[in-house]
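Okay, thanks for making room for me this morning. Have a look at the screen and I'll talk you through what's there.

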Amino acid sequence: MTLRELLHLPSTNGKPIITVPLTLGPSDKFGPFAQKLQQQNPDVVEWRADYIADNFSQAVMWQQVKLGAQDELAQKNVSVMTEAKMLAEIDNAKQEFTANWPVMNQQIIKELIGTVFNSIGGFPVILTYRTTSQGGQGEMSPVEYTTFLVNALYAGYPFVAVDVEYALEELLRQKIIDAAHEVGVPVILSYHDFNMTPKNSTAIILEMSKQPADIIKLAVMSQSEKDTQLLLDATKSAVTSVSQPLITISMGELGKRSRIEGYHYGSEMTFAVLDGTRVSAPGQLTVNDLVQEWQE
Ligand SMILES: O=C1C[C@@](O)(C(=O)O)C[C@@H](O)[C@@H]1O
């Protein structure tokens with residue numbers, strides 16, 4: 001099955017799927033992004049939740065509640081005794097907050113996803129939370145990462161796929177994969193190397209393909225034209241041996257060619273940015289430039 005078929009995307013002229021990352025943070029507006037989306041019309045949006053979700057973590061949310069309570073206290077002209085009593089009450093409130101957090105967390109995640117789906121007007125969405133260790137912004141612990149993705153998958157929105165980091169320990173990874181499969185969402189197992197192009201890139205893809213994932217993604221840094229070719233050749237040699245569709249990327253300036261030509265070697269998706277939005281990885285072209293390259 002092709003990746004287009006797996007993600008239920010309409011087929012086009014044999015070109016790979018163009019996915020644009022949505023990297024909006026808590027103070028960014030969705031409107032301009034949504035408008036550009038309509039104009040530049042890629043196939044898929046990858047919601048990079050790591051740009052926003054940490055702002056709604058347990059620690060951050062509690063801090064807000066606490067600051068609110070402390071502010072209120074500061075406004076009142078109370079005796080030292082009353083103040084001490086009220087501070088103790090804030091401590092008690094923390095226990096209650098902690099007990100209620102799992103439900104609040106689910107609600108917050110649901111609202112965040114609702115905002116994404118309601119703002120971008122019907123484009124298919126991939127759910128990704130990229131941790132800092134894999135080149136993203138996300139600082140959640142492995143357990144928080146797992147909880148976030150599982151909650152997001154159960155939030156009731158029709159993601160076309162979910163990205164799961166291969167570097168995550170197996171038990172946690174399996175939890176996300178099980179949740180995804182329960183709700184019928186294909187899993188992209190992904191691995192990034194931001195330093196180099198491993199010589200054994202084919203072997204890495206083959207090893208990853210043994211996992212119960214539906215799509216395999218490998219993104220590695222290119223330090224030379226030779227590296228880029230190595231990644232492309234690794235893709236070509238792996239593609240006939242693995243049952244899952246592949247997405248491979250040679251990152252960085254020198255890897256740009258892989259984003260344009262990778263589909264000739266078996267990579268079925270390429271990531272590009274909307275004009276005037278920030279890249280989510282080095283070397284990404286704009287959608288317009290990519291399409292232009294294909295027309296030349
Ligand atoms: O894994 C990938 C590929 C990517 O790193 C790239 O190089 O285009 C961009 C990321 O947003 C995405 O999650």
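Let's begin at the ligand. The shell around it has six nonpolar residues, four polar and five charged. Before I go on, keep in mind that this is a predicted model. So which of the 15 residues around the ligand come nearest? Those would be Pro21, Ile249, Phe271, Ser280 and Ala281. If you'd rather think in elements, strand E2 (44-48), strand E6 (215-221) and strand E7 (246-251) each give two or more residues to that shell.

Those strands bring me to the sheet. What we have is an open sheet of eight strands, paired in parallel, and reading across you get E7-E6-E5-E4-E3-E2-E1-E8. Why do E7 and strand E8 (269-271) each have one side without a neighbour in the sheet? They stand at the edges, and each has a single partner strand, so there's nothing in the sheet on the other side. Going from one strand to the next, the twist averages 25 degrees.

Now zoom in on one pair of strands. E4, residues 161-165, and E5, residues 187-193, run parallel and are joined by four bridges. If you want a spot to click on, Val162 stands opposite Val187 in E5. There's a helix to go with this pair: H6, residues 170-182, packs on the sheet and touches both E4 and E5. The direction of H6 makes about 170 degrees with that of E4.

Next, a pair of helices. H4 covers residues 80-119 and H5 covers residues 142-153. Their axes come within 9 Å and cross at roughly 60 degrees, and the crossing of H4 and H5 is right-handed. Who meets whom there? On the H4 side you've got Asn105, Gln106, Ile109 and Ile113, and they meet Phe148, Asn151 and Ala152 in H5. By class, the residues of this H4 with H5 contact come out as four nonpolar, three polar and no charged.

Let me zoom back out to finish. In total the chain has 10 helices and eight strands. Its C-alpha atoms fill a box of roughly 75 × 40 × 35 Å along the principal axes. How much of the chain is buried? Buried residues make up 39% of the 296. And one for the contact-map people: take the contacts between residues at least 6 apart in sequence, and 75% of them join residues at least 24 apart.

That's my tour, so over to you.

How values were computed: Residues numbered from 1 in each chain as written. Predicted model: local features only at pLDDT ≥ 70, side-chain atom pairs only at ≥ 80, totals over all residues. Near = placed C-beta within 6 Å. Nonpolar A, V, L, I, M, F, W, Y, C, P; charged D, E, K, R; others polar. Axes fitted to C-alpha atoms, helices over the stretch in contact; angles between N-to-C directions. Left-handed = near helix turned anticlockwise from the far one by under 90°. Contact = placed C-beta atoms within 7 Å. Pairing = 2+ DSSP bridges. Buried ≥ 20, exposed ≤ 12 C-beta atoms within 10 Å, placed from the backbone.
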